[in-house]
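Take a look at the sequence and the structure shown here before reading on. The text starts at the ligand, moves outward to the domains and ends with some details of the backbone.

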Amino acid sequence: MRVVIVGAGMIGACTALALARAGCEVEVLDRLQVGAGTTSRGEGNVLVSDKGPGPELDLALVSRRLWGDLALEIGADALEFEAKGGVVVTPDTASLPALREFADGQAAAGVDARTVDDVHELEPHLAPELDVGIWYPQDAQVQPVLAAHAILRHACALGARYRPGTTVVGALQCGGRLTGVRTDTGDVAADAVVNAAGTWGGAVSESLGAPVPVLPRRGFVLVTEPLPLWVRHKVYTADYVTNVAASTEGLETSCVVESTRGGTILIGASRERVGYDTTMLPSTPARLAAQAVSLFPRLADASLLRVYRGFRPYCPDPLPVIGPDDRMPGLVHACGHEGAGIGLAPATAELVAAHLLGGDVDAAAGGDAAAFLPGRFATDTAKET
Ligand SMILES: Cc1cc2nc3c(=O)[nH]c(=O)nc-3n(C[C@H](O)[C@H](O)[C@H](O)COP(=O)(O)OP(=O)(O)OC[C@H]3O[C@@H](n4cnc5c(N)ncnc54)[C@H](O)[C@@H]3O)c2cc1C
């Protein structure tokens with residue numbers, strides 16, 4: 001089977017590898033280059049801790065296992081894969097019962113979630129008033145750009161082809177079926193086309209004749225100067241989970257703090273729906289910085305190296321859209337992963353492969369694959385907010 005993948009972000013790279021491994025003839029097209037979209041704008045958390053029971057958590061559990069397999073296959077260093085675990089704390093003892101109840105629900109769904117009575121044993125530099133937390137040993141981290149490059153290189157070693165600087169502009173169709181794509185450098189024929197265009201998946205799907213609603217959700221990330229290892233896990237407060245799940249348009253900030261191999265500390269991330277507005281407002285990074293200092297008071301003396309931002313691909317549900325589109329046979333979507341596209345990429349890739357090659361889609365999704373299908377959207381327009 002000849003498959004064209006539109007987009008060389010983390011989703012496109014992992015999908016190329018899954019399909020090349022399965023013996024497909026794969027061609028990856030990107031208008032820029034590998035990792036140039038949102039994949040280079042996030043933090044690289046591979047989290048199960050921030051998801052409540054349901055299809056996304058099921059997919060995340062499969063994906064976490066697959067990230068471990070990729071680290072063995074390609075090399076943990078090539079991905080900067082670190083199985084460091086996550087710690088969720090709350091400054092507000094009144095919300096502890098709710099935090100524990102959430103963790104109990106996750107544990108029933110297969111997550112390793114352990115209550116810790118003194119989080120300082122895990123994170124000695126946390127603010128003294130933060131005592132109790134939940135420890136999630138399965139949470140992990142990758143460096144998204146390095147990882148996407150390494151995975152796509154691996155796919156190419158298995159026969160996939162990669163064409164950067166190629167913009168998909170429309171569909172090739174025959175008898176109501178998609179038979180390839182039109183690009184700014186010529187037509188590319190295919191038996192199937194995978195829409196892995198991330199935040200631009202809405203525009204690409206529209207150009208291919210079957211629009212899905214993917215919207216941009218802006219986020220800022222702060223990067224400190226290299227520091228000693230003050231932060232050992234991914235550390236965040238319980239309200240992060242609420243913000244991730246919320247679909248409000250206004251600004252939400254609840255920080256996640258984590259160290260990197262290079263010694264820098266990443267402080268992310270805000271969430272707001274402002275279209276593709278790239279304005280750099282100091283007030284949002286300032287809010288994130290203040291939250292990080294309330295977790296780790298030592299950060300008050302740290303300097304920032306830089307602040308960057310990106311646009312998460314956000315579906316209104318907000319679940320990713322993964323699977324064939326009945327309106328346009330030959331088209332399979334794999335986009336709209338919001339703030340979890342790095343974590344969910346390997347399982348998304350296996351789910352796309354199962355859809356295309358007649359595999360067990362529920363097994364690939366770790367649960368209900370139908371929850372991700374594009375047919376769930378009531379409207380068929382995908383215009384931005
Ligand atoms: C601030 C922030 C923090 C984040 N933190 C995390 C995190 O910790 N963990 C996590 O899992 N996720 C995180 N995310 C989300 C994650 O980065 C995304 O979900 C993920 O990168 C999406 O990958 P993708 O491959 O779908 O999209 P992208 O990486 O955007 O790739 C899409 C590609 O499609 C290409 N393209 C677009 N249109 C066309 C066209 N017409 N023709 C050809 N090519 C085209 C683009 O050039 C791009 O390279 C974060 C995002 C942000 C903004």
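**The ligand and its surroundings**

A polar backbone atom of Gly 343 lies 2.8 Å from an oxygen atom of the ligand. The model in which this distance was computed is a predicted one. Two further backbone contacts involve oxygen atoms of the ligand. For Ile 11, a backbone N or O atom is 3.1 Å from a ligand oxygen, and for Met 10 the corresponding distance is 3.2 Å. The ligand on its own has 1000 Å² of accessible area, and the protein covers 98% of it.

Several secondary-structure elements each give two or more residues to the shell around the ligand: helix H1 (10-21), strand S13 (215-224), strand S17 (304-314) and helix H9 (341-357). Met 10 and Ile 11 fall within the range of H1, and Gly 343 falls within that of H9. The largest share of the shell comes from S17, with four residues.

How many residues surround the ligand, and which are the closest? There are 39, and the closest are Asp 30, Thr 38, Thr 39, Asn 45 and Glu 338. Sorted by class, the shell consists of 17 nonpolar, 16 polar and six charged residues.

**Two domains**

The protein chain is divided into two domains, each built from separate stretches of sequence. Domain 1 takes in 2-72, 144-213 and 317-376, while domain 2 takes in 86-137 and 216-314. Where does the ligand lie with respect to domain 1 and domain 2? Both domains give residues to the shell around the ligand, so the ligand lies between them.

The domains also touch each other directly. Their C-alpha centres are 27 Å apart, and 24 residues of domain 1 are in contact with 30 residues of domain 2. The size of an interface is often given as the accessible area lost when the parts come together. Between domain 1 and domain 2 the buried area is about 2200 Å², and carbon and sulfur atoms give 57% of it. On the domain 1 side, Glu 43, Ser 49 and Glu 338 supply 30% of the area buried against domain 2, more than any other three residues. Glu 338 thus appears twice in this account: it is one of the residues closest to the ligand, and it is also one of these three contributors.

**Backbone details**

Which residues does a cis peptide bond join? One such bond links Gly 268 and Ala 269, with omega about -15°; Ala 269 belongs to strand S16 (residues 265-271). The peptide bond from Asp 317 to Pro 318 is also cis, with omega near 10°. Pro 318 sits in the loop between S17 and strand S18 (321-324).

Glu 80 is not a glycine, yet its phi is positive, at about 50°. Glu 80 lies in the loop that runs between helix H3 (76-79) and strand S4 (86-89).

Conventions:
Residues numbered from 1 in each chain as written. Predicted model: local features only at pLDDT ≥ 70, side-chain atom pairs only at ≥ 80, totals over all residues. Heavy atoms only, no water. Near = heavy atom within 4 Å. Polar contact = N/O pair within 3.5 Å; in protein donor to acceptor, adjacent residues only side chain to side chain. Areas by Shrake-Rupley, 256 points an atom, 1.4 Å probe, with all protein chains shown as cover. Nonpolar A, V, L, I, M, F, W, Y, C, P; charged D, E, K, R; others polar. Domains from an automatic or database assignment. Contact = heavy atoms within 4.5 Å. Buried area = accessible area lost by both parts, 1.4 Å probe.
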